[in-house]
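Got your viewer open? Load the model below and keep the selection box handy.

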Amino acid sequence: MKGFPLLRQSCLIALLSFSGSVLSAEQNQALDLDSLQPTRDQVIASLNTVELLRRHHYNRIRLDDDLSAQIYDTYIKQLDPQRSLFTQQDIDAFAGNRLRFDDLLKAGDLNVGFAMHKRQLQRVQQRLAFTLDLIDNKLDTLDFSSDQEILVDREDAPWVADEQGLEQLWRAQAKDEVLRLKLAGKDMTGIKELLGKRYRGQQIRINQTRSEDLFQSYINAMAQVYDPHTQYLSPENAENFDINMSLSLEGIGAVLQSDNEYTRIVRLVPAGPAQRSQQLATSDKIIGVAQGNDDMVDVVGWRLDEVVKLIRGPKGSPVRLEVIPASNPPGDLTSKVIQLTREAVKLEDQAAKSSIITINQQGHDYRIGVIEGPGFYIDFKAYRQGDPDYRSTTRDVRRLLGELSTQNVDGVVLDLRDNGGGSLQEATELTGLFIDQGPTVQVRDSQGQVQQLDDPEAGIAYNGPLAVLVNRLSASASEIFAGAMQDYGRALVIGESTFGKGTVQSIQPLNHGELKLTLAKFYRVSGQSTQHRGVVPDISYPSLLDSKEIGESALPHAMPWDTIAPARFRASSQLQPFISQLQKQHEARAAKDPDFIYTLARINLDAEIRAQQTVPLNEAKRKQRQDDYEARLLALENQRLTARGEEPLSTLENRDPLLEPDHSEEKENQAQDDAFLVETSHILLDLLQLEHQVATVD
């Protein structure tokens, strides 16, 4: 394992064009675009980056005209993802450089990249000035009774012809923003104050743009055509925040990502303040941050690293967040404010935990042990010091398995939902608890050399019925373990297709900043990659998380799934012959299960809403669309509650029953109320009975 770093879920970080900390109004001097010129250090860093990518990146891609076109397209999309800044005239002026980026980068010539970014900054300045004038002086001229509509997503829209077309677009976008806030319950006075403050703040921030911001944006356009986890980090970013933006130290415990002008939660760190609060969920959008009782700072349009800095603070200090819940209807900007206490995540808080649920199947009661593993952790400091009592996932799971065995459980479910990974060593050793020696994972480097990691210890800690429960946020080490369990036939893998990050990165220092470089790729013992596809479960569950937005396959330039030669291993048992029958029995139960029925209906409803390409700027029509959605959502929820024997609702609750489960303290057994965990237990019992039938026949 030497040479391979800890596995971590890495998320694509879209670096925007705004930089620096908030300045006072006196410091808000107009940006001098002519002063933004590449430095000698940046030129050298660009040449070093080109050479590192050429020599050491896993993909071994040539920097030629084909790659130049990809860099150009990536850079344009990075500078103007919603095609609301550049005109067709701008694009025509840029187009002559589409096949020159390879030659320019090899020569260390950064001027064209800088010039394109400066044009974008000029357009941003124009847009902010135009929108502020509209907000300050012409808000009452906006007409919300027309039949005008606006595209929801302009990623593939035609470029507007000229600056006059831009102003028409900017007016429509401002109108849409005002309308969203109106429907969220704000009056025009409050809207004027909020938007005025927001856009003036963005003016301050755009005026702080430095040469380093342009360099970072340009070099990352090149780096990320190799793969989404290869990334240039400026000296400041390399020093100030962790690569994957995990706020596990003196923060709230969340992995964040830029989503156009918003900051979106990608994953909650196990046992962190955010997860324990049960007030935040995946895909929530953070729109405001406040220190203690201070005024809320609007962070819409802020750069990701700056939002992180604002959220971080001294351990034990309070921070308030204003968030738009992911459970809101599309376009609903209704927000809530929550308060968290910053703290470091302790190892013992992340420890695996066990519980027992009772399942009645065919008139008999069965006991299923559940082990929840939030991460693949190890106390490396204690381990290296030779402490015989060091903590780790494998040690804790071994102990829990022993405790469950004394309680005569009929099977075990290892719950790895939302487990973003951790130590590669622990993924290997945990696999060893369930197999009697053998390979656990293969690692292939850019030279094609394959290193095999093995479980060297004989013996099995638990050989009874086992299921591994995963979801879209199960990543990295979780995928290695789940894949090994599936390949060995040791456990049923149940749930959703996992995240799909099957690559290894290493930090390479530069003369100026650092390069996070993809050097290797993981493969299962069967030879299949965990990259892109993730681990496909034996029995699949529906998910409200959109795989087009969450997961490796959602990232541009993600490396493909492929295979290598399988390792030599012996499967402990054969589960494949039972899968078809298990699927039929699961589907028969799911067809009657209120939560499964609700989930499928929600997926279909949300897909229908996402398919709407335009939204009306007519207030009455927009409100009617929102009311219709909420009415359909309420009907689905009441159908679910009625089928469960619970009282129907008169209005929708703020809590989404699937995205935000009820974790109130009065719930005596959370596992017993988890529909997916209960169904996984039923499937495990189905398997036990099928195996018993086969053994009886034999």
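What follows is a walk through this predicted model, from the whole chain down to one residue and back out to a hairpin.

**Whole chain**

Start with everything shown as a cartoon. You should be looking at 19 helices and 19 strands. The radius of gyration is 27 Å, close to the 26 Å from the globule rule for 698 residues, so the chain is as compact as a globular protein of that length. Turn it along its principal axes and the C-alpha trace spans about 80 × 65 × 45 Å.

Now switch on a surface. The accessible area comes to about 30100 Å², and 47% of that belongs to carbon and sulfur atoms. Of the 698 residues, 54% count as buried. If you like contact maps, note that among contacts with a separation of 6 or more, 76% are between residues 24 or more positions apart.

**Colour by confidence**

Before zooming in, colour by pLDDT. The chain mean is 88, and 90% of the residues reach 70 or more. Select residues 1-27: pLDDT stays under 50 there, although the model has 90 contacts for this stretch beyond four places in sequence. Then select residues 241-249, where pLDDT is also below 50. That stretch has 38 contacts in the model beyond near neighbours in sequence. Where pLDDT is low, the predicted coordinates should not be read in detail.

**The six-stranded sheet**

Next, select strands 9, 10, 11, 14, 15 and 18. They form an open sheet in the order 9-10-11-14-15-18, with mixed pairing. The edges are strand 9 (353-361) and strand 18 (539-540); each has a single partner strand, so one side of each is left without a neighbour in the sheet.

Move inward to strand 10 (residues 364-372) and strand 11 (residues 411-415), which pair in the parallel sense over five bridges. To see one of the pairings, show Glu372 with its bridge partner Asp415 in strand 11.

Carry on to strand 14 and strand 15, which also run parallel and are joined by four bridges. Here, pick Val470 and its bridge partner Gly495 in strand 15. While you're at it, show the side chains of strand 15: which of its faces are covered? Both are, with Leu492 and Ile494 buried on one side and Val493 and Gly495 buried on the other.

Now add helix 15 (residues 477-487). It lies across strand 11, strand 14 (466-470) and strand 15 (492-495), and runs at about 145 degrees to strand 14.

**Zoom in on Leu416**

Select Leu416, in the loop between strand 11 and helix 14 (424-432). Is this residue buried or exposed? Its relative accessibility is 2%, which is under the 20% cut-off, so Leu416 counts as buried.

Which residues does Leu416 touch, leaving aside those up to four places away in sequence? Show Gly373, Phe376, Val468, Leu469, Val470, Ser474, Ser478 and Phe481. For a distance check, draw a C-alpha to C-alpha line from Leu416 to Val468: they are 52 residues apart in sequence and 6.9 Å apart in space.

**Last stop: a hairpin**

Finish with strand 12 (residues 438-445) and strand 13 (residues 450-455), an antiparallel pair with six bridges. Within it, Val443 stands opposite Gln451 in strand 13. Then look at the turn of this hairpin, which has four residues between the strands. Pick Gly448 and check its backbone torsions: phi is positive, near 85 degrees.

Methods: Residues numbered from 1 in each chain as written. Heavy atoms only, no water. Pairing = 2+ DSSP bridges. Helix = DSSP H or I, 4+ residues; strand = E, 2+ residues; numbered from the N terminus. Contact = heavy atoms within 4.5 Å. Axes fitted to C-alpha atoms, helices over the stretch in contact; angles between N-to-C directions. pLDDT = per-residue confidence, 0-100. Buried < 20%, exposed > 50% of the residue type's maximum accessible area, 1.4 Å probe, protein only. Rg over C-alpha atoms; globule rule 2.2 N^0.38 Å. Areas by Shrake-Rupley, 256 points an atom, 1.4 Å probe, with all protein chains shown as cover.
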